[in-house]
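Me: Please take the structure shown below and work through its backbone features with me, one at a time.

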Amino acid sequence: MFHLRKNYSSIYERWLWKNFMQLRKDVLLSDEFFYLYDMSSQQTLQEDDFKEEDYNLFQTAGQKCLDEGYTTQILEAIQDEKNKVIFKSMGWNLVSPVIRCFRSHEHDKEKRKECLKIIDQMVQVCNPKELLLGLLEQIEEAAGEEISQTILLLIQPLQTVLLKLGHKKAYSVGLSLSTLMSQLSNLPVPYTKEQMQEDKHGLCLCSNTLVKFAQPFVEEVLKTPNLSTGSGSEELKAELLKFCFSCFKYPLLNAQLDQQPEDPYEHPFRHFATGILGILLSIGDPLCKVFTKPGSMKLTVDDEALSEEDAKCAAESLACLAYLLFVQYIGMEQFPTVFGPAFLLQCNLTHIEVLLKSHLLFPRTEESVLSKGIDLVKVMTHCPIEHLRKKSLKILQLYIDKFEVGGKYKLLRCLLKTSNHAGVQGYIIQNIKNQIELSLKTEHDIKWFSGSSMVPLLHMVLSLPDGVETDLLVNSDRIMASLNLLRYVIIRDSVHDNQTEIWTELNRIENNFLKPLHTALNMSKAHYEAELKNAKENLHASSDKNTVCSVTVDGKKSPKMDTGMQLQVLKSALFTFDLMESVLARVEEIIEVNVKSIAE
């Protein structure tokens, strides 16, 4: 219990008691307020009148009132002009109590509204430097679900306070951005569309709010012509560029950015990436300079001063920037078209390496980092110029060959899992077959492409993308490569050796691959034979061989073609099915022979 005091050490104590007595005049007074008892002073307060202990008294009294819900009275006190001096010097001490009051009145909209008004008044009245530290302290102390809630609550007041700092705000802006990004990095990155729409942890909303937060400072840099080294605007520009590259590292490096063109859903991370690239484009070096000469973007430290971890982060940020440009085409309209495909491919290989190594050397739970490196591989497989596609494929093979056996295993498995191109999948499966062949011929590194490690890879290879409804014509490259791999393994790896465990997994392979493939072949052949019969009948019924028609494939109509071309397409499809069926029959024959030998 506090004891009543009759002698007072400062004019401030008399002011404090006078004001807070008015707040609590109808309430039983607590010991904390009796401790400040004196109602006689009417003197005007000045900043020099305050002592160190006054700050603690102010915070204790203000916290007590806010904890008991006297937000209206606190708001009236801070709005009173004669209290301006006291709140200017000490008001920032109320940041923590106000935030706590806001959180504790989750279902009281009026209380929350008054808390927000108190914060707004503090922004107008309090010393901006001290209030800045108070706001950042609250953001930094938030944890769990409170991280995004606190950021969204305080980011607008924080922006206003920074704008009041004048031209010497670069350090404070950098400190604020790094604090915000540091806290956001504790939140998991949503991966699926459903997770992004739910935005359970608030990362999507906070990320896009950051772009709006940075915009006034970007405009300030743009308004300052001929930036000189060491000037406030030049330092501010450096802080903003550092922020942009930290955003590439997180959350964009871990974010899933693919979106279907016809999907009206506004992808939050694509929107965020567009905003960050907008800042980079407006105040940074030209994209061609940043991309073709990694490290040319001026940051606040020299390359020599970068630690190994910082250098790795910078490389990942640039790799993510390359991904945004060349895969997602975000900001690509600003990239000059003077560079040749071979040169861009050479530049991209560096970034592909960073993205793939980032996963292989530093495993993460997210697939998105690795998939970004693989998506850059797609650039090489979708080039419209044939000789460049072939050249790129050779480069891809050279790149695969650079990995040791364990690295090849992980790379090929991930490439197969993420690639949606049947031709690429067939090429990858052929590489897997080659590695199995090497593994069966040598005793070195046999743990990767044989034994238990081989089982999950086998089931990935020996499967149909859509079961019996798989479009066999579209997926023919993949299916033929899978059948050839299976035929090779059951010939070279005997039942007694079973190094690849192919015979152990035989029942599962038959149920998940061979039997569904049989059914799919029967369905596909029946469909195309019917189409061929109709086409021939139409040809006989019409004297014009150039009659335009179309073929229905997998429930979709193909582009218009004349009858002669239609017949050629249908016969080619049936030939592909016959070839597939012959290899399948050979595989089943070999299996049957080996199974009989076991029985005998």
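Reply: Helices (H or I, at least four residues) and strands (E, at least two) are DSSP runs, numbered from the N terminus. This is a predicted model, in which local features need pLDDT of at least 70, side-chain atom pairs count only at pLDDT 80 or more, and totals for chains, interfaces and linings use all residues. Residues are numbered from 1 along each chain as its sequence is written, and side-chain values use heavy atoms, with hydrogens and water left out.

Me: How many helices and strands are there in the chain?
Reply: The chain has 600 residues, 49% of them buried (under 20% relative accessible area, 1.4 Å probe, protein chains only). Its DSSP runs amount to 25 helices and four strands.

Me: In which loop does Tyr329 lie?
Reply: Tyr329 is not a glycine, yet its phi is positive, about 60°. Tyr329 is exposed (over 50%), with a relative accessible area of 55%. Its place is the loop between α16 (308–326) and α17 (341–360).

Me: Is Glu501 buried, exposed or partly exposed?
Reply: Glu501 belongs to the loop between α23 (476–492) and α24 (506–541). Phi of this residue, which is not a glycine, is positive and near 60°. Partly exposed means between the limits of 20% and 50%; with a relative accessibility of 24%, Glu501 is therefore partly exposed.

Me: Which peptide bond is cis, with omega near 10°?
Reply: Pro251 is found in the loop between α13 (232–249) and α14 (268–283). The cis bond with omega near 10° leads into this proline, from Tyr250 to Pro251.
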